[in-house]
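I opened this structure to look up how its strands pair and how far the model can be trusted. My entries follow in the order in which I worked.

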Amino acid sequence: MRYSGTNRFRVFVLAVWCVMLLLTITGCISSNQQSEPSAEKERETERPTKDPVQERIERMTQDEKIGQMMIVGLDGSEISETAKAMISTYHVGGFIFYKDNIKDSRQLIELTNSLKAANAATGAPPLWLSVDEEGGRVTRMPPELVKVPAAEKIGKADNPELAQNIGQTLGKGLTALGMNMNFAPVLDVNSNPNNPVIGDRSYDSRPERVAAIGIQVMKGLQKSQVIPVVKHFPGHGDTTVDSHIGLPVVNHDMDRLRALELKPFAEAVHSGAEAVMVAHMLLPKLDKEAPASLSRPVVTDLLRKELGFTGVVITDDLTMGAIIKHYNIGQAAVRSVDAGSDVLLVGHGFDEAKHVYDAVQQAVRDGILTMEQIDQSVARILRLKEKYRLSDEQAPFPDLTRINDDMQNAVKAIAP
């Protein structure tokens, strides 16, 4: 077939139009293909990232959660079968060390490393390895280490910078020996000279001095990556009964408590306290029946709501006379959690620890405690462990000479 000039022109125009149309369609497809990943990326950005702590809690069993809410004691100076059971079967969140658990520095490192290894094998969150190392007469550290003076002596120096340096140096020593939590400083005001349990464990008889010095010790411990647990809320300074033996009663009203006993704790909360130990003492003006450690008016209403504390609440040792002479330890533990406590300290006895664990389990099954309460406590616990970067990694044997030199320098300005 022959094409005329006009027809040839029309065919040419049609061909050009088809090519342009094809290029346009191809470009649109390419553009769409390129824009899809960008749009997907935007959608991913818009999705809220999951909280790793909440994700972990969702994966935990009820047994594991309740275990995290316990710090327990252990028998002897080596890891025992009961200690292994506390880790593998009861999933405890940590251990507390007393004098009979510590012979010397090398033994202590071996003990803490063996506990870490046992815990790491379970995949559980790292252990709290805690101790009462206040200084003075309350010390657990190995005998070859230079000790911190009593709080009263540090208070008399009236030097906040010195106090923080002592806290930081103490914390470095604790860290070197495998510890990551210290039940100190004591923020009780020594307002009663007849007090059989506080005395020189307090920085002063004036709340302002206790706050000024005690909080600096707290900050020093924090700087060295040791969790300080301020104690004994709401104030054990004006008691005439030792709570290790019996139940102290303090009849002060809120006006008096706010003016004296509560001042150091309120200031500590304002200054970044992350863990508070609640005392076993009865305050009838706040709660006529339950001691502070089991009392919702004290733990939730006073400490959390009035003082604004959002951190971890730990009971004093539930095996102390103030509790076991008046309560079944399991029932006391349940009441404490219901009052708002996060961690149950069971300092002595495998059977006692099991009893506490079983009682909390049963209380959840019976609806006395809710899983929401448990989850809230576990969230606070895991966040604090995460903040301090707790680890079950093995620790090397430390340079004791350096630790002692540092402490000697830190305390040299304190009068003997």
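Before looking at any pairing, I fixed the term: two strands pair if DSSP finds at least two bridges between them. I also noted that the model is predicted.

**Entry 1: strand E7 and its partners.** I began with strand E6 (residues 230-233) and found it paired with E7 in the parallel sense, over 2 bridges. In this pairing, Phe233 stands opposite Val278 of E7. I then turned to strand E8 (residues 312-315), which runs parallel to E7 and is joined to E7 by 4 bridges. Here the bridge partner of Val278 is Thr315 in E8. I followed the chain from E7 to E8 and saw that it passes through helix H11 (residues 296-306), in a right-handed β-α-β crossover.

**Entry 2: the faces of E7.** Are the two faces of strand E7 covered or uncovered? I looked up each residue of the strand, which spans 275-278, and both faces proved to be covered. Ala275 and Met277 lie on one side, Val276 and Val278 on the other, and all are buried. I recorded the general rule alongside: in a regular strand, side chains alternate between the two faces of the sheet. Val278 is thus entered twice in my notes, as a buried residue and as the residue opposite Phe233.

**Entry 3: the open sheet.** I next traced an open sheet of 6 strands with parallel pairing, in the order E5-E4-E3-E2-E1-E9. Which strands form the edges? They are strand E5 (227-228) and strand E9 (344-346), each of which pairs on one side only. At the E9 end, I counted 3 bridges to strand E1 (residues 70-72), and the two strands run parallel. Met70 stands opposite Leu344 of E9.

**Entry 4: the whole chain.** I listed 16 helices and 9 strands. Of the 416 residues in the chain, 54% are buried. Among contacts with a separation of 6 or more, 79% join residues 24 or more positions apart. The accessible surface comes to about 19200 Å², and carbon and sulfur atoms account for 52% of that area.

**Entry 5: confidence.** I read an average pLDDT of 90 for the chain, with 88% of the residues scoring at least 70. Over residues 21-26 the pLDDT is below 50, and I found 0 contacts for this stretch in the model beyond near neighbours in sequence. Residues 28-37 likewise have a pLDDT below 50, and beyond near neighbours in sequence that stretch has 0 contacts in the model.

Terms used: Residues numbered from 1 in each chain as written. Predicted model: local features only at pLDDT ≥ 70, side-chain atom pairs only at ≥ 80, totals over all residues. Heavy atoms only, no water. Buried < 20%, exposed > 50% of the residue type's maximum accessible area, 1.4 Å probe, protein only. Right-handed = clockwise from strand over helix to strand, strands pointing away. Contact = heavy atoms within 4.5 Å. Areas by Shrake-Rupley, 256 points an atom, 1.4 Å probe, with all protein chains shown as cover. pLDDT = per-residue confidence, 0-100.
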